[in-house]
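User: Can you walk me through how the labels on this model were earned? I'd like the cut-offs next to the values.

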Amino acid sequence: MAELQEGKRVNIKKKKARSLYFGVAMGTGELLTVDAVPRGLDCKCICPDCGTRLVARKGEENRHHFAHETNNECYYGQEMSIYRAFHDFLRKNLKFYLPDAILKFNSNKKPEIVRKGHLLDLTEVKYVSEPGKYPPVLLCSADSNTFRVILNIEDYYNESDYREIAAAGKKSNIPVIVVNIESADEITSMAELSKYIMEPGNKTWIYNRVVEEWDKKYRAKAVKPEKFEAGYLCPAQKQQIKNVYAARREDCEHCWYCYDRHAEAFCLAHSGIDHVNDFRKQPEILKKEFETINHIRPIKKISEYQCPQCGAPLRRRKGPNGVFAGCSRYPACKGSRPVEQSTEQVIIYDKNKSPYRK
Ligand SMILES: [Zn+2]
Ligand SMILES: [Zn+2]
C-alpha cells in the first residue's frame, strides 16, 4: 500500500475556504458530526487533516460547522473529513455499488458495457492516511479482490490526473473507482453518503482489469486494412471508389468498425466483430450476420464486365504486374481493365461517376 502513496503527488490547487462538518474526537479517534458535539472548544475534536483543535460553531445564522481554533485553513481538512466519513460508512455497512465497467473506444464506436454494475458485499475496508499526503488510500476488498476508491470532490481532478491515477492503479494491479462529489457541502452527515456508496450514480471505473482484457481482445481482432488509392479496401463495402469497395482514411475514422483511429491496426470489419457478444459467435454465423448488417454484395466476376473497346466479355489474365482483365477477343482486340489485386475487383476509372455509392 505504501507504493500507492509514493506515486507522483497531485499538485495542491488553489481553493476557496471550506467548512468542516466532521471532526475527529480527541482520545477515541472517532469521527463525529458537528451535531453530535457540544459547541465551542468543548467539542474536543481535531481536524482530520492537520490535527489542529477544532471549534464547533453552532450559531443562529450559519449552518453549523467546525472551524480551526487558530482560524488557519489547512489545505485538505474538508476532503479528509469526507474520506474519513466514507471509510466509516464503508466499514459499518460493508457494501459498495460497483459501477458498470465500460469499454470506450478511441473512435466513433459506441462505448460498451463489459460488466454490469451491482451492489457488492465487502469483506474488508482499509484506510491509510499520512499527514500532508493527499489523497489518502481507501481500499475495499471482497475476498481476494481489492479496489481503490478515490473521491473527486468539486472537480478536483482533470483528465491528465485520471491518466496518472489509472497508470498507478495498473502498476500496482489495483482497480480504481472515482466517486464524483459535486459539492463538498452536500456531505454533512453519514446519511448523505448513502447515495454515493450504495447507488449506481456518481461513480466510474478509472482503471478496471475487465475493461483492459476486453480492450486486448478487440485489439487482437483489429487489423490495418489494405491500402487502396488514398484510403483502404473496405470489407464493409461502405462505398465505391473507382468501382472498388474502398474507403478514404476519414471514412475509416468515422466507421463503427474502426477500433482506434490513432493506432496502426484499427479495422474490425475484417473479423466482423462489432459487439462484445460477437466474440462468442461461430465465425460462419458472424460472417453471415456481417453480410446482412452491411448489405454486402458479392463482388462481380471479371467475366461479368465487358471490354471497354469492343464490348466482348473480359477474362482473367495474368501479366508481369499481376492479374488484369483482358478482352476475350485477344489478340484481335487488345482492350483491358486493371484489377485490384487482393479482391480481383475490376477497377473502372470513370471521371463522370461519383466515387461514392449512394
Ligand atoms: Zn486542518
Ligand atoms: Zn475487346
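Analyst: Here are the labels, each set against its definition. This is a predicted model, where local features need pLDDT of at least 70, side-chain atom pairs count only at pLDDT 80 or more, and totals for chains, interfaces and linings use all residues. Residues are numbered from 1 along each chain as its sequence is written, with chains lettered from A and ligands numbered from 1 in the order in which they are written.

User: What makes β15 and β16 a pair?

Analyst: Strands are DSSP runs (E, at least two residues), numbered from the N terminus, and two of them pair if DSSP finds at least two bridges between them. β15 and β16 (residues 231-233) are joined by 2 bridges and run antiparallel, so they qualify. Lysine 227, for one, has tyrosine 232 in β16 as its bridge partner.

User: Why is β15 called an edge strand?

Analyst: The open sheet has the order β15-β16-β18-β17, and β15 (227-228) pairs on one side only, as does β17 (240-241).

User: Where does the largest nonpolar core lie, and why there?

Analyst: Domain 1 (19-72) and domain 2 (78-208) both contribute residues, so this core sits between them; the bounds come from an automatic or database domain assignment. A core means buried Ala, Val, Leu, Ile, Met, Phe, Trp, Tyr and Cys residues joined through C-beta atoms within 7 Å, and buried means 20 or more other C-beta atoms within 10 Å of a residue's own, C-beta atoms being placed from the backbone. This one has 47 residues, with Ile82 and Phe86 among those touching the most other members.

Terms used: Helix = DSSP H or I, 4+ residues; strand = E, 2+ residues; numbered from the N terminus. Buried ≥ 20, exposed ≤ 12 C-beta atoms within 10 Å, placed from the backbone.
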